[in-house]
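Q: Could you take a close look at one helix in this model and walk me through how it sits in the rest of the chain? I'd enjoy one connected answer.

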Amino acid sequence: VLFRSWPSAAHALGWTAWVGAEGLVRSAALVAWTPWVTWRVVPPSWWVVVFHYAAWVATWWLWRGARQPSPWTAPAWRRRLVPLCGVVAAIAVARPPLLAASRTGDGHLHVTFIDVGQGDAALVRFPRGNTLLIDAGGLPGGGGFDIGERVVAPVLRQAGVRRLGVVALSHGDADHAGGAEAVLREFYPFMLWEGVPVPRLPVTTRLRAAALEEGTLWTNLQALDRTTVDGVDVQVLHPRVPEWERQRTRNDDSVVLELRWRDVSFVFPGDLGADGEADVVPRLEPARLRVLKVPHHGSQTSSSPAFLAALRPDAAVISVGRANTFGHPSPPVLARYVAAGVALFRTDQAGAVFMESDGTTIDVRTWTGDRTRLTPYEPARAPP
């Protein structure tokens, strides 16, 4: 209506809106030139927000009283409290990231299976606070949505991670390694673990450049490698040393990691297929309580009966995208786990899965609110 009755005014309003929007976008782009001015932190909890604004209200009230004293007020103490309340208001917002920067372990082993859709990512916090990220999710073909920046990084910040200890990539597929570059650039881990190298793979080529820039040590793993982190035994069960240079990434080259702490075992097999599982079976040792990250998102080419019989998992987590086009998890594979009495947790149904262990039992909590406790003394059951 305005355009028809008064075209010049309509053009002026449209131009003003365009200038405002363009200025906002271009000013945000300045961050690329001055990245040091940004500081990403976790959102403060509600009580911090309330405390922050209450402190500012108190600051305003005291300042107003100091400017307009009355017989019932003491200007001196008001003037002293004005800057104090301002400092308290600032600390209320600064305190969460400060705490996150200095957070240490609590004596328990924490494993978070992050919901990254059709992909894998799991954060491990060891008993004394060291951290390990196993895979970082990602989208095939990249696209405009960076799983590492938009999903994995916020989870790490919420967990209080300021710098990662290790990033371990099971293999170079985009749904496992695609988000790793954003993680490297924000959390600059000390080490990055890779299995069988694929020199011509674009994903790992970019990661190597980012690792070199950030000073991250790049290490290739092979079966029987072993280390200890905060008393937790970290074992590499796969892959073998390759006999030829890989031209593409292969599921059966996946790194298989096992974390063993006291009575508890966590196994992360990447996208290992049945042939790779057969290679791992002879290296498996019994555990009183074991959690398995289901290989290859529950594909029918994985989770062979021999593999499950050797592992005897009490619980299994399927990291899978809702309504994915691959048909994961496969119904026969699901039936195999159910028949074995394994408690199943799926990220497409329950969201992220949080596990906390004291080395004897495991407390499980899902994003949707389900809770259960796994013990080695009775069969584990999935929450209703």
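A: Happy to. First the setting: this is a predicted model, and 48% of the 384 residues in the protein chain are buried. The chain has twelve helices and 16 strands. Among contacts between residues at least 6 apart in sequence, 64% join residues at least 24 apart.

The helix to look at is α5, which covers residues 147-158. Its twelve residues reach 16 Å from the first C-alpha to the last, close to the 16 Å expected at 1.5 Å a residue. Let's start at its ends. At the N-terminal end, Asp-146 acts as the cap, with a side-chain oxygen 2.9 Å from the backbone nitrogen of Gly-148. Just after the helix, Gly-160 takes a positive phi of about 85°.

Now for the side that faces inward. The buried residues of α5 are Ile-147, Gly-148, Val-151, Val-152, Ala-153, Leu-156 and Arg-157. An α-helix has 3.6 residues a turn, so residues three or four places apart point the same way. With that in mind, it is worth following Gly-148, Val-151 and Val-152 along the helix in the view, all of them on the buried list. What covers the buried residues includes two strands, β2 (121-125) and β3 (131-136), together with helix α7 (180-187).

How does α5 relate to the nonpolar cores? The largest core has 34 residues, and those with the most contacts inside it are Phe-113, Phe-126, Phe-266, Val-291, Met-355 and Ile-362. A second, separate core of 26 residues includes Ile-147 and Leu-156, along with Leu-123 and Phe-187. Ile-147 and Leu-156 are among the buried residues of α5. Back in the largest core, Val-291 is in contact with Phe-113, Phe-266, Met-355 and Ile-362, among others, leaving aside its neighbours within four places in sequence.

Finally, α5 also takes part in the largest pocket, which holds about 680 Å³ of space. Of the 24 residues that line this pocket, the closest to its centre are Thr-112, Val-155, Ala-159, Phe-354 and Arg-365. The elements that each supply at least two residues of the lining are β1 (109-113), β2, α5, β14 (353-357) and β15 (362-366). Strand β2 thus appears twice in this account, once as part of the cover over the buried residues of α5 and once beside α5 in the list of elements that line the pocket.

Note on methods. Residues are numbered from 1 along each chain as its sequence is written. This is a predicted model: local features need pLDDT of at least 70, side-chain atom pairs count only at pLDDT 80 or more; totals for chains, interfaces and linings use all residues. Side-chain values use heavy atoms; hydrogens and water are left out. Helices (H or I, at least four residues) and strands (E, at least two) are DSSP runs, numbered from the N terminus. The expected span of a helix is 1.5 Å times one less than its number of residues. Buried means under 20% relative accessible area, exposed over 50%, partly exposed in between (1.4 Å probe, protein chains only). Contact means heavy atoms within 4.5 Å. A polar contact is a pair of N or O atoms within 3.5 Å; within protein, one must be able to donate a hydrogen and the other to accept it, and residues adjacent in sequence count only if both atoms are side-chain atoms. A nonpolar core is a set of buried Ala, Val, Leu, Ile, Met, Phe, Trp, Tyr and Cys residues joined through side-chain atoms within 4.5 Å. On a 1 Å grid over the protein atoms alone, a cavity is a set of points where a 1.4 Å probe fits but cannot get out, and a pocket is an open set with protein on both sides within 12 Å along at least five of seven lines; lining residues have an atom within 4 Å of a point. Grid points are joined across faces, edges and corners, and a volume is the space filled by probe spheres set on the points.
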